[in-house]
Amino acid sequence: MSTFHVISGAGDKLDMPVIRTISLGDLGDALRRGIADFWEKPSHYVLLVLIYPIVGIVLTVWMNGYYTWPLLYPLVGGFALIGPFAAIGLYEISRRREQGLDTSWHHAFEVLKSPAIGSIAALAIMLLAVFTLWLTAAQALYESLFGSSTPQTLGGLMNQILTEPGGMTLLISGTMLGALFAIFTLCTTVIAFPLLLDRDVGAFVAVETSFRAVMHNPVPMLAWGIIVGAGLFIGALPLFVGLAVVIPIFGHATWHLYRKVVEPASVIRGM
């Protein structure tokens, strides 16, 4: 029976991965590899992430019935905050394909058998907390400008933003606030989940390594965050249905980005 560890990983001392220097060209290569993984068996991957467009549609209907349209934009933007965890099954598929193993969709659930499942769960809870804080902050910002009364339709919300005095303030301030949450998520989890699947280093090291990866490669990593954020936003526009394609591609691509950023454990041991 494997030891249940969360913070420090499986070893007697912290396993601190070595960070490589990458370029913008590596981002393009990671995306190409991600697309290749997706197209190997796209129907399986679409089925795997179909839950996210369904959830998006349900949320839209819910907002329409309970007049919470001001949360639509934060919810769409929030997909970028929970994306690192949402794609964890896809990292596993890419890992298996890399090793020449069977990549049938049910293998995505083998992450539940990972020795690092405790650390993975801990980071997932952290992302859920960040997502909740983001929605709470977005709601507070809206109410500070327009009060607690909300538009009953999406058209009413758009009219409020475009014509009322606080509309542009809401749009600009909300975007800047969302960017802060997105940067925090990027710095703490950009490669954390793939690292935990590959090496049981513990939640602390996974977060610390993601932070070092961003600090060591600020321009490529910031560009990656912008690419993923924009892609998820565009994918969410057609009633969230586009996420069934966007999430798998970015999920697979993130695994390949991780491979480019972090020195393999075997290489380190051989030094």
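This briefing covers the fold, surface, aromatic pairs and one buried residue of a single protein.

The model is predicted. Its mean pLDDT is 84, and 83% of the residues reach at least 70. The protein holds 13 helices and 0 strands. Of its 271 residues, 46% count as buried.

**Confidence**

- Confidence peaks in helix H10, residues 203-216, where the mean is 95.
- The lowest mean, 57, belongs to helix H13, residues 265-269.

**Fold and contacts**

- Read from the N terminus, every element in the run is α.
- Sequence-distant contacts feature strongly: among those between residues at least 6 apart in sequence, 77% join residues at least 24 apart.

**Surface**

- The exposed area of the protein is about 13,100 Å².
- Carbon and sulfur atoms supply 71% of that area.
- A nonpolar patch sits on the surface, formed by Leu154, Met158, Leu162, Met168, Leu171, Ile172 and Met176.
- Together these patch residues have about 670 Å² of accessible area.
- Two helices, H7 (154-163) and H8 (167-189), each supply at least two residues of the patch.
- Helix H8 gives the largest share, with 4 residues.
- Ile172, one of the patch residues, is placed in helix H8.
- Ile172 has a relative accessible area of 52%; exposed means over 50%, so Ile172 counts as exposed.

**Aromatic pairs**

- The whole structure contains 6 aromatic pairs.
- One of them joins Phe38 and Trp39, with ring centres 5.2 Å apart.
- The planes of Phe38 and Trp39 meet at 65°; the edge-to-face class starts over 60 degrees, so this pair is edge-to-face.
- The two partners differ in exposure: Phe38 is buried at 3% relative accessibility, whereas Trp39 is exposed at 58%.
- Trp134 and Phe181 make up another aromatic pair, 5.7 Å from centre to centre.
- With 55° between the planes, the Trp134 and Phe181 pair is tilted.
- Trp134 belongs to helix H6 (residues 117-146) and Phe181 to helix H8, so their pair ties together parts that are 47 residues apart in sequence.
- Helix H8 therefore takes part in this pair through Phe181, and also supplies residues of the nonpolar patch.
- Buried means under 20% relative accessible area, so Trp134, at 5%, counts as buried.
- Phe181 is buried too, with a relative accessible area of 16%.

**Phe193 and its surroundings**

- Phe193 lies in helix H9, which spans residues 192-198.
- Its relative accessibility is 0%, so Phe193 counts as buried.
- Leaving aside residues up to four places away in sequence, Phe193 touches Pro84, Phe85, Ile88, Tyr91, Ile120, Leu123, Ala124 and Leu127.
- Leu123, one of these contacts, is 70 residues from Phe193 in sequence.
- In space, the C-alpha atoms of Phe193 and Leu123 are 8.2 Å apart.

Note on methods. Residues numbered from 1 in each chain as written. Predicted model: local features only at pLDDT ≥ 70, side-chain atom pairs only at ≥ 80, totals over all residues. Heavy atoms only, no water. pLDDT = per-residue confidence, 0-100. Patch = residues over 30% accessible without salt bridge, like charges linked within 9 Å, V, L, I, M, F, W, Y side chains within 5 Å. Areas by Shrake-Rupley, 256 points an atom, 1.4 Å probe, with all protein chains shown as cover. Salt bridge = Lys/Arg side-chain N within 4 Å of Asp/Glu carboxyl O. Buried < 20%, exposed > 50% of the residue type's maximum accessible area, 1.4 Å probe, protein only. Contact = heavy atoms within 4.5 Å. Phe/Tyr/Trp six-rings, centres within 6.5 Å; stacked < 30°, edge-to-face > 60°.
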